[in-house]
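Visitor: Hey, got a minute to walk me through this one? I'd like to get a feel for the fold before I go back to the bench.

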Amino acid sequence: MLDKISVVLVGTSHPGNIGSAARAMKVMGLTRLILVAPLCEIDETTYALAAGAGDVVSNAKIVPTLDEAIADCGLVVGASARSRTLEWPQLDPRECGIKAIAEAASHPVAILFGRESTGLTNEELQRCHCHVYIPANPEYSSLNLAMAVQTVSYEVRMAFLEQQKYAGQQPQVEAYPRVNELEMFYEHLEKVARQTRFINKKHPGMVMAKLRRLFTRARPEEQELQILRGILSSVEKSLEYKDK
């Protein structure tokens with residue numbers, strides 16, 4: 001179960017933070033580390049702070065884009081410490097751990113952590129199904145990257161240990177589309193919305209962002225997404241027939 005959960009670090013700027021995050025992961029049984037466009041090299045500082053988790057660092061996957069990191073995931077959770085323009089489904093770390101373990105039975109799961117100074121961008125957070133927020137002391141809420149990874153990883157492990165008590169009795173998790181399938185749906189939806197002039201090409205506004213939030217809340221299953229894609233294709237065919 002834990003092998004299907006990836007910790008994804010986006011734009012990390014200090015090599016020591018990669019090592020410290022790897023150590024935090026391994027202590028809790030997580031070993032899948034993905035680095036998205038890191039701004040630093042993995043060096044001796046990385047391995048020194050990783051301590052006994054050098055294998056997690058050595059096996060880390062380095063990719064240039066977030067899309068590549070999460071393409072095959074059925075659940076993506078983004079760590080966020082700030083309120084955003086559009087509210088997104090939000091979890092606390094315990095809820096995040098429970099959800100990650102429940103869904104890892106059916107598909108890969110990714111938990112994203114952003115840059116040390118600025119976190120994840122709004123665009124990156126909109127690629128997530130939900131956000132995880134660590135309810136730290138509001139008078140001093142400063143958490144470094146490794147601390148945030150440790151906190152969430154601990155809750156994932158606790159949920160995993162609880163799940164092991166009831167092995168074989170877990171309810172079946174519905175089949176959800178992968179991130180790349182959702183992105184193809186959003187591209188298709190935007191294309192049809194422009195063709196029908198629902199979206200003004202010159203003034204697109206935040207329509208697609210709000211539609212993403214709508215479908216994120218609804219979270220269509222694989223078959224439901226196929227139905228939606230079928231409806232969009234039917235609209236396209238009608239528009240082609242009308243133009244003839």
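**Strands, cysteines and a pocket**

Guide: Let's start with one contact in the sheet: Leu9 stands opposite Phe113 in E6. Bear in mind that this is a predicted model.

Visitor: OK, how many bridges join E1 and E6, and in which sense do they pair?

Guide: Five bridges, and the pairing of E1 with E6 is parallel.

Visitor: And how many bridges are there between E4 and E6?

Guide: Four, again in the parallel sense, with E4 covering residues 75–79. Within that pairing, Gly78 has Leu112 of E6 as its bridge partner.

Visitor: How many residues of E6 are buried?

Guide: Five of the five, residues 109–113, so E6 is largely enclosed by the rest of the structure. Val109, Ile111 and Phe113 are buried on one side, and Ala110 and Leu112 are buried on the other, so both faces are covered. That split fits a general pattern: side chains in a regular strand alternate between the two faces of the sheet.

Visitor: Zoom out for me. What's the strand order of the sheet?

Guide: It's an open sheet of seven strands with parallel pairing, ordered E3-E2-E1-E6-E4-E7-E5. The edges are E3 (61–63) and E5 (90–91); each has a single partner strand, so one side of each has no neighbour in the sheet.

Visitor: Which strand does E5 pair with?

Guide: E5 pairs with E7, residues 130–132, over two bridges in the parallel sense. There, Leu91 stands opposite Val132 in E7.

Visitor: Switching topic: how many disulfides are there?

Guide: Zero.

Visitor: Why is Cys73 not bonded to another cysteine?

Guide: Because its sulfur is too far away: the closest cysteine sulfur, in Cys128, is 10 Å off. A disulfide would need the two sulfur atoms within 2.5 Å. Cys130 is in no disulfide either, with the nearest cysteine sulfur, that of Cys96, 6.8 Å away.

Visitor: Are those two, Cys73 and Cys130, buried or exposed?

Guide: Cys73 is buried, with a relative accessible area of 3%. Cys130 counts as buried too, at 3% relative accessibility.

Visitor: Good to know before I reach for a thiol reagent. What about the start of the chain, where is Leu2 found?

Guide: Leu2 is in the segment before E1, the strand at 5–10. With 9% relative accessibility, Leu2 counts as buried. Leu2 and Phe160 are 158 residues apart in sequence, yet their C-alpha atoms are 7.6 Å apart in space.

Visitor: Now H8. Why does its end-to-end distance agree with what you'd expect?

Guide: Because H8 has 17 residues (179–195), which at 1.5 Å a residue should span 24 Å, and its end C-alpha atoms are 24 Å apart.

Visitor: Which H8 residues are buried?

Guide: The buried ones are Val179, Leu182, Glu183, Phe185, Tyr186, His188, Leu189, Val192 and Ala193. Just after H8 comes Arg197, which takes a positive phi of about 65°.

Visitor: Last thing, the largest pocket. How much space lies in it?

Guide: About 580 Å³. The lining of the largest pocket has 26 residues, and those nearest its centre are Ser80, Ala81, Gly119, Leu143 and Ala148.

Visitor: How do the lining residues divide into nonpolar, polar and charged?

Guide: Twelve nonpolar, ten polar and four charged.

Methods: Residues are numbered from 1 along each chain as its sequence is written. This is a predicted model: local features need pLDDT of at least 70, side-chain atom pairs count only at pLDDT 80 or more; totals for chains, interfaces and linings use all residues. Side-chain values use heavy atoms; hydrogens and water are left out. The expected span of a helix is 1.5 Å times one less than its number of residues. Buried means under 20% relative accessible area, exposed over 50%, partly exposed in between (1.4 Å probe, protein chains only). On a 1 Å grid over the protein atoms alone, a cavity is a set of points where a 1.4 Å probe fits but cannot get out, and a pocket is an open set with protein on both sides within 12 Å along at least five of seven lines; lining residues have an atom within 4 Å of a point. Grid points are joined across faces, edges and corners, and a volume is the space filled by probe spheres set on the points. Ala, Val, Leu, Ile, Met, Phe, Trp, Tyr, Cys and Pro count as nonpolar, Asp, Glu, Lys and Arg as charged, and the others, Gly among them, as polar. Two strands pair if DSSP finds at least two bridges between them.
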